[in-house]
Amino acid sequence: MLCLGIESTAHTFGVGIADEKGKVFSNVRSVYKPKIGGIHPTEAQAHHLEKACETISIACEQAKIKISDIDIFSFSAGPGIPKCLRVGAVACRMLSQKFSKPIIPVNHCIAHIEIGKISTGLADPVTLYVSGGNTQILAFAEGRYRVFGETQDIGVGNLLDQFGRTAGLPFPGGPEIERLALQGKKFIELPYVVKGMDVSFSGILTDCERKLKTEKLEDLCFSLQENVFAMLVETTERAMAHTEKNECLLTGGVAANKRLAEMLKIMCEERGAKFAVVPREYSGDCGAMIAWVGILEFLTQKKSDDFSARKNPSRIFITGKKYSLEQTKINRFWRSDDVEISWL
């Protein structure tokens, strides 16, 4: 069974194709890069519209299949930028109707978790999900991924990008800040804002921007990373202690930062816990993660109570979960803990 997933929550229009075993056959991206500032929704939407057909075609070519061979179509329905979300939703609806195949709306945040789990082999981790628009600490409990901590204002990726823009760094700012941080030698004191299990980044951003006038950029990048990542590690460790889970997953676009991964690894080693980072090809927004969750959502497994199943209790019947077009509306505020997880 093959699922084609479309990702279009923000700057990336991605298309991935995966099967029910978690094998990824293609994972193609086209990324909108603003000339000035951050993401301009109208420009990003125009980019996605221009690149949609081409990206879908390349994904099918790399997978060596025809689009008519696809069994399920899925798309990121939220959270995200509405104008960007609509492009993926419309493209997916058109494909679903043209080929008379099921359509599955996917939560973008849940997709980051599940692609991390299948690619690392972790079974039941506490997940630190860090990206441009999202920063959450999640763990599965009672049918949903529960949020044990999150940002109260902006995502950590947004923090890095905004500071990078103020400092004159190219977009996205995270990779360049990571590079400059390796050259920093002086730790500059910054606000350390942990509120219970939640964190806040806007005050840190303001303080860093002010100190650009008096401090070396390399030292500020170093201090910003150390300070903010320590906040994330502290709250993640507290969630692990609370849930008594012994696995930790780092996923999302900022998971590509080696210093953050290093700090989390040290924390897990001290706790005797397993730690894994989502592979770099899946850390950023991508269609593969949407395709994989489309598969998980569609293949709801149920044990039958008929006579044949009683003779063989391990028999599993696969039933497809189907959505009408009216149920495929985008939701820019779709929280990860609003999603009922049917496959766990």
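**Group meeting: a sheet, its helices and their salt bridges**

Let me open with one residue: E262 counts as partly exposed, because its relative accessibility is 41%. On this scale, buried means under 20% relative accessible area, exposed means over 50%, and partly exposed lies in between, with a 1.4 Å probe and protein chains only. This is a predicted model, so local features need pLDDT of at least 70 and side-chain atom pairs count only at pLDDT 80 or more, while totals for chains, interfaces and linings use all residues. Residues are numbered from 1 along each chain as its sequence is written, and side-chain values use heavy atoms, with hydrogens and water left out.

Back to E262. Its side chain meets that of R259 in a salt bridge, 2.7 Å from N to O. By salt bridge I mean a side-chain nitrogen of Lys or Arg within 4 Å of a carboxyl oxygen of Asp or Glu. E262 and R259 are three residues apart in helix α8, so about one helical turn separates them. R259 is partly exposed at 24% relative accessibility. Helices here are DSSP runs of H or I with at least four residues; strands are runs of E with at least two; both are numbered from the N terminus.

Now the sheet. What is the strand order? It is β8-β7-β6-β11-β12, an open sheet of five strands with mixed pairing. Two strands pair if DSSP finds at least two bridges between them. β8 (144-150) and β12 are the edge strands, each pairing on one side only. On average, neighbouring strands of this sheet are turned by 25° against each other, direction ignored. For angles, axes are lines fitted to C-alpha atoms, for helices over the stretch in contact, and values run from 0 to 180 degrees between N-to-C directions.

Look at the β12 end. β11 (residues 247-251) and β12 (residues 274-277) pair in the parallel sense over four bridges. C248 stands opposite F275 in β12. With helix α8 (residues 258-271), these strands make a right-handed β-α-β unit. Right-handed means that, with the strands pointing away from the viewer, the path from the first strand over the helix to the second runs clockwise. α8 lies across β6, β11 and β12, at about 165° to β12.

Next, α7. This helix lies across β6 (126-130), β7 (135-141), β8 and β11, running at about 155° to β6. Within α7, E234 and R238 form a salt bridge of 2.4 Å, N to O. They sit four residues apart, about one turn of the helix. E234 is partly exposed at 26%, and R238 is partly exposed at 33%.

Then α6 (residues 202-211). Which of its residues are buried? I204, L205, D207 and C208. Seen down the axis of α6, its buried residues fall within an arc of 165°, so they line one face of the helix. That arc is taken from the directions from the helix axis to the C-beta atoms. Their cover includes α4 (156-166) and α7 (217-243). D207 has a relative accessible area of 18%, and it forms a salt bridge with K211, closest N and O atoms 3.0 Å apart.

Last stop, S336. Where is it? In the segment after β14 (317-320). It counts as buried, at 1% relative accessibility. Leaving aside neighbours within four places in sequence, its contacts are N107, C109, I110, Q136, L138, Y145 and V147. Contact means heavy atoms within 4.5 Å.
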